[in-house]
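Trainee: Could we go through this structure together, one topic at a time, with the cut-offs stated as we go?

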Amino acid sequence: EDISGLLEEIPTKWEILGHAALLPEKCFQSMDQWQALLGEQLWSTVGSVLRVSMVAKQARIKANGMRESQVIILWREAKLDAAKGSS
């Protein structure tokens, strides 16, 4: 399978905010193909490579009067979910 198109979707920049990585909106857009390659391991692999416990992706800015930015959480480490539930 030709993955050259997928390689262009891998981000070359991102932001690290504490324990989270914030990826640009236009990365990993061919989700069916990414899922076929890595399955459920896609976002945990990205988190491991970037050494973070949460991976999020920027979303389109809301077109309201405030121009609010939005984020989509793609993956969060299981121990982070457990800690959140116990508080």
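Mentor: Let us fix two terms at the start: buried means under 20% relative accessible area, exposed over 50%, and partly exposed in between, with a 1.4 Å probe and protein chains only; helices (H or I, at least four residues) and strands (E, at least two) are DSSP runs, numbered from the N terminus. The model is predicted, with pLDDT of at least 70 needed for local features and 80 or more for side-chain atom pairs, while totals for chains, interfaces and linings use all residues. Residues are numbered from 1 along each chain as its sequence is written, and side-chain values use heavy atoms, with hydrogens and water left out.

Trainee: Which residues of helix α3 are buried, and what covers them?

Mentor: Helix α3 spans residues 42-50, and its buried residues are Leu-42, Trp-43, Ser-44, Val-46, Gly-47 and Leu-50. Taking contact as heavy atoms within 4.5 Å, one can ask what lies over them. The cover includes β1 (15-17), β2 (20-23), α2 (31-38), β3 (54-59) and β4 (70-76).

Trainee: Is Thr-45 buried, exposed or partly exposed?

Mentor: Thr-45 is found in helix α3, and its C-alpha atom lies 9.9 Å from that of Trp-75, although the two are 30 residues apart in sequence. With a relative accessible area of 32%, Thr-45 is partly exposed.

Trainee: Which element supplies the largest share of the largest nonpolar core?

Mentor: A nonpolar core is a set of buried Ala, Val, Leu, Ile, Met, Phe, Trp, Tyr and Cys residues joined through side-chain atoms within 4.5 Å. In soluble globular proteins, nonpolar side chains tend to be buried together. Here the largest core has 13 residues, and those with the most contacts inside it are Leu-23, Phe-28, Leu-42, Trp-43, Val-46, Leu-50 and Val-55. At least two residues of this core come from each of β2 and α3, and the largest share, four residues, is supplied by α3.

Trainee: How many residues of the lining of the largest pocket are charged?

Mentor: On a 1 Å grid over the protein atoms alone, a pocket is an open set of points where a 1.4 Å probe fits, with protein on both sides within 12 Å along at least five of seven lines, and lining residues have an atom within 4 Å of a point. The lining of the largest pocket includes Trp-14, Trp-34, Leu-38, Leu-42, Thr-45 and Val-49, and its largest share, five residues, comes from α3. Counting Ala, Val, Leu, Ile, Met, Phe, Trp, Tyr, Cys and Pro as nonpolar, Asp, Glu, Lys and Arg as charged, and the others, Gly among them, as polar, the lining has 11 nonpolar residues, one polar and, for charged residues, no members.

Trainee: Why is β3 largely enclosed by the rest of the structure, and in which sense does β3 pair with β4?

Mentor: β3 is largely enclosed because five of its six residues are buried. Two strands pair if DSSP finds at least two bridges between them; β2 and β3 run parallel and are joined by four bridges, with Leu-23 opposite Lys-57 in β3. Met-54 stands opposite Arg-76 in β4, and the six bridges between β3 and β4 pair them in the sense called antiparallel.

Trainee: What is the relative accessible area of Ala-21?

Mentor: Ala-21 has its place in strand β2. Leaving aside neighbours within four places in sequence, Ala-21 is in contact with Glu-15, Ile-16, Leu-50, Val-52, Met-54, Val-55 and Ala-56. Ala-21 is buried, and its relative accessible area is 0%.
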